[in-house]
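With the model open in your viewer, please follow the stops below in order, making each selection before reading on.

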Amino acid sequence: TGLNCDELEKECLQLIKENTDMSPVTVKAMVFDYILRKGRLAVDKYGFFCEKVDGRRIMPRITWRKMDDCRKENLPELYEAEVKAENGGLYAAHFDFGHISLDSRKLLKYGIGGLLERVHTARDKKTSLTEDQKVFYDACEMSLNALSHYFQRLSEAVKERDRDVSDCLLKISTKAPETTYEALQLLIGYLYVHEYIGGARDRTLGRLDDCLYPYYKNDLSSG
């Protein structure tokens, strides 16, 4: 389902071109939203976890361009040393800020809908917003809404194959998980979004044993 890779890339690059006057954070959120709403899904007819979307490394182009500018401006000596080392064949490496550890507990506790409510509550508490604050809250809202829509797309895509999986995906698109299976679907779906759109395998889900144990314990007690 969705646009093929070439179509998606063309549309996203046009979106970036049309919004060069906007904050890079806003543009990144807009591209993230577009990919999750329009990107082609891959559904594994034999698996329980089918959350894959083809992002064609579009997002890294934005991220790396911004990071490159940041390194040149704020860490010029380190940047120059890195360039010289790579050009001289000494090593090929770079310093970046992309390796993250997801706050799995918070994602599971609140779910996508709950995190969206927290964004709204935090924004509403402020009597006035700076431009940076407005950009931040708007980007959070756009990204979480896109993620919710993505799980709804997945739910519809697998409905004919497995109604239970479809119902689970639909539920976690707006509500916090209650069972181990729902928690796993949310965590794995969120991880895949990072990796397939972010274009790198440098994410971690953290202490899964600790995060998932309350759901496992509840599953056992409820039969």
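**Starting at Gln152**

Select Gln152 to begin: in this predicted model, Gln152 has a relative accessible area of 33% and is therefore partly exposed. The residue belongs to helix α6, and, once neighbours within four places in sequence are set aside, Gln152 makes contact with Leu170, Ser173 and Thr174. Add Lys171 to the selection and check the C-alpha atoms, which for Gln152 and Lys171 are separated by 8.6 Å although the two residues are 19 apart along the chain.

**The pairing of α2 and α6**

Staying with α6, bring α2 into the display; the axes of these two helices lie 8 Å apart and meet at an angle of about 10°. Because of that angle, α2 counts as roughly parallel to α6. To see the contact itself, select Val25, Thr26, Ala29, Met30, Phe32, Asp33, Ile35, Leu36, Arg37 and Lys38 on the α2 side, and on the α6 side Val135, Ala139, Met142, Ser143, Asn145, Ala146, Leu147, His149, Tyr150 and Arg153. Coloured by class, the contact of α2 with α6 shows 12 nonpolar residues together with four polar and four charged ones.

**The largest nonpolar core**

Next, display the largest nonpolar core, which has 43 residues, and highlight Val31, Leu36, Tyr150 and Phe151, the members that touch the most others. Two or more residues of this core come from each of α1 (5-18), α2 (24-38), α3 (58-74), α5 (104-125), α6 (131-157), α7 (163-172), α8 (180-198) and α9 (208-222). As background, nonpolar side chains in soluble globular proteins tend to be buried together.

**Thr180 in α8**

Move now to Thr180, whose place is in helix α8. Is this residue, Thr180, buried or exposed? Its relative accessibility is 17%, so Thr180 counts as buried, the cut-off being under 20%. Not counting residues up to four places away in sequence, Thr180 touches Tyr215, Tyr216 and Asp219.

**Stepping back to the whole chain**

Finally, clear the selections and show the protein chain as a cartoon, where nine helices and four strands can be traced in the order α-α-β-β-α-α-β-α-α-α-α-β-α along the sequence. Among contacts in the protein chain with a separation of 6 or more, 66% join residues 24 or more positions apart. Switching to a surface, the protein chain exposes about 13,300 Å², of which carbon and sulfur atoms supply 53%, while 38% of the 223 residues count as buried.

Technical notes
Residues numbered from 1 in each chain as written. Predicted model: local features only at pLDDT ≥ 70, side-chain atom pairs only at ≥ 80, totals over all residues. Heavy atoms only, no water. Core = buried A, V, L, I, M, F, W, Y, C linked by side-chain atoms within 4.5 Å. Buried < 20%, exposed > 50% of the residue type's maximum accessible area, 1.4 Å probe, protein only. Axes fitted to C-alpha atoms, helices over the stretch in contact; angles between N-to-C directions. Parallel < 35°, antiparallel > 145°, perpendicular 65-115°, else oblique. Contact = heavy atoms within 4.5 Å. Nonpolar A, V, L, I, M, F, W, Y, C, P; charged D, E, K, R; others polar. Areas by Shrake-Rupley, 256 points an atom, 1.4 Å probe, with all protein chains shown as cover.
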